[in-house]
Amino acid sequence: MTAIVIAVALGAALVQFRVIEMERESGSDRSQEPPDSARARHTPAVQGPLSGFSVAILVGHWSEAGAVQDIGAVCEENGVATHTELQANQGVADIVIPRLEELGARVTRLYELDARLNGLSVNLALSLHADSCIDATGYKAANLPTSLTWEAERDFIACLRHWYEHHTGLAWHAYSITDNMTQYHMHAKVAGRTPSVILEMGFMGGDQEILFERPEVISDGIVDSIRCFLTPTDMPPLPEPSS
Ligand SMILES: [Zn+2]
């Protein structure tokens, strides 16, 4: 894992170095060209702390246009759905994805049964879900117990336990991790070297307010967990989780 991180970091550093070199080169001829066209041609991709990294965010239950839309778990009042899991998953993804892009990461937004999952090669594949509308609170995440990237996935989950908890205040809900999470379809589809984790962000019953009214707080927890995983040395220390 350390070797992979170093290799990835070196790769990212190399890309940044090349971009800097290209900017230098472009800077030298900018004076001889009309400023507008020069700017248009040399506009670099967003450079930031996650430049050179790729992340896939799977929006739980989201179906391709034309397919029957699955909405996941629901909260109902008098037989009418008031909140759907799909809304929660999309609301968070809508904040997380542009924020990762602003940090320089290359981000792919995936459907639940996206064909691009097969052999997907990214630095992290993360699936966002919310748990059923019961009066419970807490979050949890799971990977495939036999994964080739088990250590990387445990590192990411350790980052969640620091940063997701730090931002959201939600507690780890270990005993509700099911086979549906450990044997989740995405884990088996991605490339062997792609870490794959499913996150249940909270319960739509007990955690409804934070899931639906404060998705930016959930997103802070997810983005910082991803940063902690991809660029651990950039993160300030946090106290160990309580349990
Ligand atoms: Zn779900």
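Q: What is special about the backbone just after α3?
A: In this predicted model, Gly104 comes just after α3 and takes a positive phi of about 105 degrees.

Q: What makes the length of α3 fit a helix?
A: Its 18 residues are expected to span 26 Å at 1.5 Å a residue, and from first C-alpha to last α3 reaches 26 Å.

Q: Why is Leu100 called buried?
A: Count the other C-beta atoms within 10 Å of its own: there are 25. The cut-off for buried is 20 or more, so Leu100 passes and counts as buried. Leu100 sits in helix α3, where the buried residues also include Leu86, Val92 and Val96.

Q: Which residues does Leu100 touch, once its neighbours within four places in sequence are left out?
A: Its contacts are Leu50, Val55, Ala105, Val107, Val223 and Ile226. Take Ile226: it lies 126 residues from Leu100 in sequence, yet their C-alpha atoms are 8.8 Å apart.

Q: Why is Glu76 called buried or exposed?
A: Glu76 has 11 C-beta neighbours inside 10 Å. Exposed means 12 or fewer, so Glu76 ends up in the exposed class. You'll find Glu76 in strand β2, residues 74-77.

Q: How do you know that β2 and β3 are paired?
A: Look at the bridges: two strands pair if there are at least two between them. β2 and β3 (residues 80-84) have four, in the antiparallel sense, so they clear that bar. Glu76 joins in, with Ala81 of β3 as its bridge partner. Leaving out residues up to four places away, Glu76 touches Ala81 and Thr82. Further along the chain, Cys133 is 57 residues from Glu76, with 8.4 Å between their C-alpha atoms.

Q: What makes Asn78 stand out in the hairpin of β2 and β3?
A: Asn78 is not a glycine, and still its phi is positive, about 50 degrees. It belongs to the loop between β2 and β3, a hairpin with two residues between the strands. Is it buried or exposed? With 5 other C-beta atoms within 10 Å, Asn78 is under the exposed limit of 12 or fewer, so exposed is the right word.

Q: Why does His61 land in its burial class?
A: His61 has 23 other C-beta atoms within 10 Å. Buried starts at 20, so His61 is buried. This residue is in the loop between β1 and β2, and it also has a positive phi, near 75 degrees, without being a glycine.

Q: Why are two strands of the five-stranded sheet called edge strands?
A: The sheet is open, with mixed pairing and the order β4-β1-β5-β7-β6. β4 (106-110) and β6 (140-142) each pair on one side only, and that makes them the edges. On average, neighbouring strands here are turned by 20 degrees against each other, direction ignored.

Q: How do you know that β6 and β7 are paired?
A: Three bridges join β6 to β7 (residues 196-203), and the two run antiparallel. At least two bridges are needed, so this counts as a pair. One of the links is Ala142 with Ile198 of β7 as its bridge partner.

Q: Which helices pack on this sheet?
A: Helix α3 (residues 85-102) touches β1, β4, β5 and β7, and its direction makes about 150 degrees with that of β5. Helix α4 (residues 150-168) touches β5, β6 and β7, and its direction makes about 25 degrees with that of β7.

Q: What makes α4 not quite straight?
A: A kink of about 30 degrees, centred on Leu160. Its 19 residues still reach 25 Å, close to the expected 27 Å. Among the buried residues of α4 are Phe156, Leu160 and Trp163, and the buried residues pack against β5, β6, β7, α7 and α8. Gly169 follows α4, with a positive phi near 75 degrees.

Q: How do you know which part of the model to trust less?
A: Check the pLDDT. The chain averages 86, and 79% of the residues score at least 70. Residues 14-43 stay under 50. Where pLDDT is low, the predicted coordinates should not be read in detail.

Definitions and conventions. Residues are numbered from 1 along each chain as its sequence is written. This is a predicted model: local features need pLDDT of at least 70, side-chain atom pairs count only at pLDDT 80 or more; totals for chains, interfaces and linings use all residues. Two residues are in contact if their C-beta atoms, placed from the backbone, lie within 7 Å. Axes are lines fitted to C-alpha atoms, for helices over the stretch in contact, and angles run from 0 to 180 degrees between N-to-C directions. The expected span of a helix is 1.5 Å times one less than its number of residues. The bend at a residue is the angle between axes fitted to the seven residues ending there and the seven starting there. pLDDT is the predictor's confidence in each residue, from 0 to 100.
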